[in-house]
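The following report describes the pockets, cavities, cores and strand pairing of one protein chain. It begins with the lining of a pocket and then turns to the surrounding elements.

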Amino acid sequence: MTTTLADEFETQRSRLFSLAYRLLGSAEEAEDAVQDAYLRFSGADRTGIEHPAAWLAKVVTNLCLNRLTSARARRERYVGTWLPEPVVTADGTLGPLESAEQRDAVSMAMLVLLERLTPTERAVYVLREAFGYGHREIAGVLDLSEANCRQLYRRAVQRVGEPQARFEAASEQQEELVTSFITAARDGDLAGLEKLLAADATWWSDGGGKVIAARWPVEGGSRVARFLAGGGPKFSAGLEFTVTEVNGATGLASWAGDTLVGLAALEVRDGLVVGVRAVVNPEKLAFARRQLTRP
């Protein structure tokens, strides 16, 4: 059976999307980058492409580098806290997340940390940590010297921190914790929330100026508890909540009827919630809406 160009590209699509998303922190832009790569692949001289997978990875990486420059300027003007576009990961959209390290690499927390890096540092770090590229391979992708790539990687690690599993994996116990968390917030149960939150817990919410959301992080378990107990009953009225996996972590989806209106990833340590990153900016939920069907 003859393999068509489209078939060949489809075998790489998932990997390319996973790469682009880690580089951009935006599922919508990652899809655009992958589509642009397909157009270049379809129009390229095939005799010059000895290894399609490597060729496509290089094209996607460089397309993302171009986008990162303009994205940084947009984020400087962003209203309130900026968070990555959330992705539902239980279906393997971002590749296998079988280890704590793999989950950490796509976590909302890590993607926020990657914002500290220059575009080139980010590309080196992602290719090395998430895809296991050697420095020589990275040099080929970025058209840099191997020594330069090593230096960029060392600098990126210093800014991001040594790779490590920061939070616990999703589990049935975590689902129960999230369910209790939702109930306490909806009921305005201050004491219940305080029992579920770590002393150093933080709440981040990204509304992008499109909907009501806290513009600055709420820091400290007692402050987060008061924030949720005070506003939870009002803002959850008429909404339904379901537990789902968001960026490799246990999370929750908020629904107004059949419309997804929010996704939050919860970070759990020692059985307590230590961080919640909630995205309610409707523009950032478009990809997740396509992933999810109303239960």
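## Pocket, strands and cores

Helix 11 supplies the largest share of the lining of the largest pocket, namely 5 residues. The model is a predicted one, and in it this pocket has a volume of about 740 Å³. Its lining comprises 28 residues, of which W203, F235, L239, S254 and V280 are the closest to the pocket centre. At least two lining residues come from each of helix 9 (172-187), strand 1, helix 11 (221-235), strand 4 (249-256), strand 5 (259-269) and strand 6. By residue class, the lining of the largest pocket divides into 21 nonpolar, 6 polar and 1 charged.

Strand 1 (residues 197-206), one of the contributors to that lining, has 8 of its 10 residues buried, so the strand is largely enclosed by the rest of the structure. Strand 1 pairs in the parallel sense with strand 6 (residues 272-279) over 6 bridges, and within this pairing D206 has V279 as its bridge partner. With strand 2 (residues 218-219), strand 1 pairs in the antiparallel sense over 2 bridges; here W203 stands opposite V218, and W203 is also among the residues closest to the centre of the largest pocket.

The search of the whole structure also finds 3 cavities of 30 Å³ or more. The second largest cavity has a volume of about 60 Å³ and is lined by L68, R72, R75, L114, E115, L117, T118, P119 and R122. Helix 3 and helix 6 are the elements that give two or more residues to this lining, with helix 3 providing the largest share, 3 residues.

The two linings are set out by residue class below.

| Lining | Nonpolar | Polar | Charged |
|---|---|---|---|
| Largest pocket | 21 residues | 6 residues | 1 residue |
| Second largest cavity | 4 residues | 1 residue | 4 residues |

In soluble globular proteins, nonpolar side chains tend to be buried together. The largest nonpolar core here has 49 residues, and those with the most contacts inside it are F17, Y21, L114 and Y125. Two or more residues of this core come from each of helix 1 (5-24), helix 2 (27-43), helix 3 (52-76), helix 5 (108-113), helix 6 (119-129), helix 7 (135-142) and helix 8 (146-160). Apart from the largest core lies another, of 23 residues, including V224, A264, V268 and A278.

Two residues of the largest core can be followed further. L114 also lines the second largest cavity, while Y21, not counting residues up to four places away in sequence, touches S26, A27, A30, P84, E85, P86, V87, L94, L111 and N247.

Key: Residues are numbered from 1 along each chain as its sequence is written. This is a predicted model: local features need pLDDT of at least 70, side-chain atom pairs count only at pLDDT 80 or more; totals for chains, interfaces and linings use all residues. Side-chain values use heavy atoms; hydrogens and water are left out. Buried means under 20% relative accessible area, exposed over 50%, partly exposed in between (1.4 Å probe, protein chains only). Helices (H or I, at least four residues) and strands (E, at least two) are DSSP runs, numbered from the N terminus. Two strands pair if DSSP finds at least two bridges between them. On a 1 Å grid over the protein atoms alone, a cavity is a set of points where a 1.4 Å probe fits but cannot get out, and a pocket is an open set with protein on both sides within 12 Å along at least five of seven lines; lining residues have an atom within 4 Å of a point. Grid points are joined across faces, edges and corners, and a volume is the space filled by probe spheres set on the points. Ala, Val, Leu, Ile, Met, Phe, Trp, Tyr, Cys and Pro count as nonpolar, Asp, Glu, Lys and Arg as charged, and the others, Gly among them, as polar. A nonpolar core is a set of buried Ala, Val, Leu, Ile, Met, Phe, Trp, Tyr and Cys residues joined through side-chain atoms within 4.5 Å. Contact means heavy atoms within 4.5 Å.
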